[in-house]
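Please read the following walk through one protein model with the sequence and coordinates at hand. The text goes from charged contacts to aromatic ones, and then to backbone and surface.

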Amino acid sequence: MKLRTKLILGTLAAALLLGPFLVPVQSSGTLTNKEAAAELWQGRSKFVEILDHEVHYVEAGDPNSDHLILLAHGFGASAFSYKEVLAPLAAHGHVIAYDRAAFGFTERPTEWSGVNPYSAEAQLEVIDELVDRFGAGKEVFLVGHSAGGALAAGYALEHQEKLKGLVLFAPAVYGSGGAPQWLNWVFDIPQLDHLGPLAVASIATSGLEILDRSYNDPSQITPETIAGYTAPLQVIGWERAFWEFNKAPRALDIAERLGEINIKTLVITGDNDLVVPTDNSIRLSGELPNAELVIIETTGHLPNEEKPQEFATAIIRYLETQE
């Protein structure tokens, strides 16, 4: 091989190996998670350390109530998604709405020992810790939306003895989240891992498109709602955390085990859900041994936001039947 050809090939190889590291990867965020949380929640934010990172939550109702209502949000959302239903639910128990890893204002670790905090395994451990800390001696009701609904169902499969009731609305249980585990090694290639945060940064704009699809009537999306969804994008390092979330194994494989969930379950869906099709929730209610189905009319993927009164009423009626 001629020297010139060797030089060209060597230069190309060096460019492929080293070039990505020359691309600057900076966060668009300018605030700490606590600063951003304080701006949105105006003093209502609280944090609890679980799995070596601080989990953000807001609460409502009497902490001494004999009921705990724990709210888990879906992909791209946060505790803010429950803002309009905190007060009505608080009349029936102590309400905790928390931010899942990589979302909202929960701390975004970039290094950890032990379980990956962005994985499904860790997120189930977070639910368990919240149940133990805030639900000791209480009747615990776990509410989960979309991907958070899949987590809630997964938790119920392993810890039914800790739950009095389960509410799944627009739950994404038929399918797995995250990349296939066999593909994870690709994302850990140093060059790709370095550029990963740039690859996911587009969620800042595409996320609002998903929000539009989540409403039956997108004209109901207010500037306040948009501000609530975009506030976490002010947090320094949100892109790296979202990249880590997308890399993490999140498959729960619960669809084949639904028959094991024996506790009374309320399934809620909008009649025009384009994200988790309404038919999926109807199917789920039929495959759970002890389920009640509520379909909220002229509503999309976010009945808790689009029809908060009807949504809260459905849950309150369910709670009352469990007493």
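Which side chain meets that of R240 in a salt bridge? The partner is E244, with a distance of 3.2 Å from N to O. This is a predicted model, and the distances given here are computed from it. Both residues belong to helix α10, where they are four residues apart, or about one turn of the helix. E244 is buried, its relative accessible area being 8%. Elsewhere, D128, D132 and K162 are joined into one network by salt bridges that share partners.

Side chains of opposite charge can pair when their charged atoms come close. In this model the count of salt bridges is eleven. One of them links K46 and E59, at 2.2 Å from N to O. K46 lies in strand β1 and E59 in strand β2, so this pair ties together parts 13 residues apart in sequence. K46 is partly exposed, at 36% relative accessible area.

Another salt bridge is formed by the side chains of E224 and K83, 2.9 Å from N to O. Because E224 sits in helix α9 (residues 223–230) and K83 in the loop between β3 and α3, the pair ties together parts that are 141 residues apart in sequence. Partners on both sides are partly exposed: E224 has a relative accessible area of 44%, and K83 has one of 31%.

The aromatic contacts come next. The structure holds 13 aromatic pairs. In one of these, F75 and F103 meet edge-to-face, with 5.6 Å from centre to centre and 75 degrees between the planes. F75 is in the loop between β3 (67–72) and α3 (86–90), while F103 is in the loop between β4 (94–98) and α4 (120–135), so the contact ties together parts 28 residues apart in sequence. What is the burial state of each ring's residue? F75 is partly exposed at 37% relative accessible area, whereas F103 counts as buried at 5%. F75 and F103 also belong to one aromatic cluster with F242 and F245.

F245 has a charged neighbour as well: the charged end of R250 sits over its ring, 3.9 Å from the centre. A further contact of an arginine with a ring involves R283, which lies over the face of Y174 at 3.7 Å from the ring centre.

Helix α10 (residues 238–247) also contains W243. W243 is buried, with a relative accessible area of 6%. W243 and P197 are 5.5 Å apart from C-alpha to C-alpha, although 46 residues separate them in sequence.

Helix α13 (residues 308–321) has 14 residues and reaches 20 Å from its first C-alpha to its last, close to the 20 Å expected. Its buried residues include F311, A312, A314, I315, I316, Y318 and L319.

Two loop residues have a positive phi without being glycine. D52, with phi near 65 degrees, lies in the loop between β1 (46–50) and β2 (53–60). At 60% relative accessibility, D52 counts as exposed. T298 has a phi of about 45 degrees and is found in the loop between β8 (291–296) and α12 (303–306). T298 is partly exposed, at 43% relative accessibility.

On the surface, I282, L293 and I295 make a nonpolar patch of about 210 Å². I282 is placed in helix α11 (residues 278–287). I282 is partly exposed, with a relative accessible area of 34%.

Key:
Residues numbered from 1 in each chain as written. Predicted model: local features only at pLDDT ≥ 70, side-chain atom pairs only at ≥ 80, totals over all residues. Heavy atoms only, no water. Patch = residues over 30% accessible without salt bridge, like charges linked within 9 Å, V, L, I, M, F, W, Y side chains within 5 Å. Areas by Shrake-Rupley, 256 points an atom, 1.4 Å probe, with all protein chains shown as cover. Salt bridge = Lys/Arg side-chain N within 4 Å of Asp/Glu carboxyl O. Buried < 20%, exposed > 50% of the residue type's maximum accessible area, 1.4 Å probe, protein only. Phe/Tyr/Trp six-rings, centres within 6.5 Å; stacked < 30°, edge-to-face > 60°. Lys NZ or Arg CZ within 6 Å of the ring centre and 35° of its normal. Expected span 1.5 Å × (residues − 1).
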